[in-house]
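Biologist: I have a protein in front of me and would like a close look at its cysteines. Could you walk me through them, and then show me what lies around the rings and the pocket?

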Amino acid sequence: MRQQMDKVSFFFLHLVLSTEFLLAVYSSSAYAVLNRHAVGELGQSPSHAMWTSTIFFIGRALGMFLSPWLSTAYGKARSLLGAIIILILSNFILALTTDFYLFLFFRLPLGLAAGAVMMLCQYVLMDFYPISKWPFVTTLFGFLLLTTFGFGPPFGGVLQEYRWNWRDYFLINLLLHMILFWILFVFLRKKNDITRSVPLDWIGLSLLTVCFFSFQIVVSRGQDEDWYNSFFINCFFFLGMSSLVYFIVWELGEKEPFFDVRHFLKLNFSIANVLGPISFGVLYGAFSVLIGALQQLGYTSFLSSLPLPPMLFCLPFLYPLSVFLSNRSDPRPVASLCFALLSLFCYMTSNYDFFNRRSFFIQTVLLSQILLGGMVGLLPAINRISIEDLSKRNQQKAINEGILLRTFSFSIGGGLLGTLLEHRTAFQQVRLVETRSLFDPQVVEFLQRLRDWGLDSMQALKVYGNLVSQRSYILAVDDTFRFCAILYLFITFFIWFARIKKT
């Protein structure tokens, strides 16, 4: 039922709900530049940093998928306010804890509540619009969602730049959520939501949760645990595979499944929900590699996040254009163009020369980062492909299932690309040592020059070793982005296997 409200209050409600939505969205991207600082202060190695992010994305994926059920069973306003309370409590504990595993555990409810808030803000606002205007609401929040990778990391970097730390980040979130909670409570306390009892496939939910957590742990900890030489990794891999198989069998026999796996029998749904999660998972992994590489080379958290905002140049026109074209014509050209832009971005990044010996075209970082904006046009096209040939009744559920899979892909994309980066770093370091041994004339000359500047032999060798490590890391980053470029180029053509009816 549409709710009535004066124009000023209506505008203010838009502002408050949009701000709460952005806080929930930025809780992942802004934290990305601070995660190494957090795990370092909590006494863990940098390799644990990705773990604290991946467990958050598991929670966010499940929270977004459960939000329709929450809004129906408990009411939109009540569910939204409850999710904000969980965000407040989680941020409070995360800001104060000194135990890493307690910190890791509470990243999960933080993700669950953030995912629920992202969807429930939209549901609440829809109640104040007629059904014909609901696409405007979803487009508005989709627009805000796509700013996360452009603006989120710099926000986190600013805190670190001004000597605020990751604990301050959680405390600021806590304060802002509390303010917005009380404003929304005043606005929504008299809102009458119609609730009804709806079934939830708890067994399916439990199996999928176990599956997600198992594979996330395998990917996050596999490199440190030596993969399948580790009993720990083998146990979680077996648990994940068993849960996945049981989940598929259970859902096929369920009348009201948590996730309708029958949708994968549709070619378009399968293509969209294989290529979509792969592309977004790899993209998040590429962001993580890029930010980590710049921090590794000595840039501050803020400076390492600055290559991401230029992607937002594409947002004001590419996203609305993609929404318009995808809903009115064949979405494959739009999707193919966006994948091609991402492929070109990854290729240009893989050829960037930190030593400034290459052409102006390759060195134009701003141009390559603008091309990264191709990601903003993907969502409408991928959603349109996934719902082709599905009934009206199943289309919204298919879109929600796509959101679940894409968000889950963030939890494994960073870990897999990080593993590739580590292996390529080791390979490049061995290759550099073999091709530039201590008996190489240029190396001998370089070491002699260092000794002439007053360094002893051991100090000179240490400087040389650091340079080899840094150079091998740069080459490994190039290899990683070259892999991403090839993958996106393949997807650019593979998306055309989807079948779209002429409109």
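To start with, is Cys 338 buried or exposed?

Modeller: Happy to take you through it; please keep in mind that this is a predicted model. Cys 338 is buried, because its relative accessible area is 1%, under the 20% cut-off. Cys 346 is buried as well, with 0% relative accessibility. As for bonding, the count of disulfides in the model is 0. Cys 346 has the sulfur of Cys 484 as its nearest cysteine sulfur, 4.8 Å away. A disulfide needs the two sulfurs within 2.5 Å, so Cys 346 is in none.

Now to the rings. The model holds 31 aromatic pairs. One of them joins Phe 12 and Phe 187, a tilted pair with 5.8 Å between the centres and 40° between the planes. This pair links distant parts of the chain, as Phe 12 belongs to helix H1 (residues 7–32) and Phe 187 to helix H8 (residues 166–188), 175 residues apart. Phe 12 counts as partly exposed, because its relative accessible area of 36% falls between 20% and 50%. Phe 187, at 22%, is also partly exposed.

Another pair is formed by Phe 57 and Phe 410, and this one is edge-to-face, with centres 5.1 Å apart and planes at 70°. Here too distant parts of the chain are linked: Phe 57 is in helix H3 (residues 49–74), while Phe 410 is in helix H18 (residues 392–435), 353 residues away. Both of these phenylalanines, Phe 57 and Phe 410, are buried.

You can also find an aromatic cluster made of Tyr 31, Phe 103, Trp 166, Tyr 169 and Phe 170. Tyr 31 has a charged partner too: the charged end of Arg 107 sits over its ring, 4.0 Å from the ring centre.

Last, the second largest pocket, which holds about 710 Å³ of space. Its lining has 33 residues, and the closest to the pocket centre are Arg 36, Pro 46, Met 50, Gly 418 and Glu 422. Several helices supply at least two lining residues each, including H1, H3 and H18, along with helix H2 (35–41) and helix H9 (202–221). Helix H11 (267–296) is on that list as well, and H11 gives the most to the lining, with 10 residues. Sorted by class, the lining of this pocket has 15 nonpolar, 15 polar and 3 charged residues.

Terms used:
Residues are numbered from 1 along each chain as its sequence is written. This is a predicted model: local features need pLDDT of at least 70, side-chain atom pairs count only at pLDDT 80 or more; totals for chains, interfaces and linings use all residues. Side-chain values use heavy atoms; hydrogens and water are left out. Rings of Phe, Tyr and Trp (its six-membered ring) pair if their centres lie within 6.5 Å; planes under 30 degrees apart count as stacked, over 60 as edge-to-face and the rest as tilted. Helices (H or I, at least four residues) and strands (E, at least two) are DSSP runs, numbered from the N terminus. Buried means under 20% relative accessible area, exposed over 50%, partly exposed in between (1.4 Å probe, protein chains only). A charge sits over a ring if NZ of Lys or CZ of Arg is within 6 Å of the ring centre and within 35 degrees of the ring normal. On a 1 Å grid over the protein atoms alone, a cavity is a set of points where a 1.4 Å probe fits but cannot get out, and a pocket is an open set with protein on both sides within 12 Å along at least five of seven lines; lining residues have an atom within 4 Å of a point. Grid points are joined across faces, edges and corners, and a volume is the space filled by probe spheres set on the points. Ala, Val, Leu, Ile, Met, Phe, Trp, Tyr, Cys and Pro count as nonpolar, Asp, Glu, Lys and Arg as charged, and the others, Gly among them, as polar.
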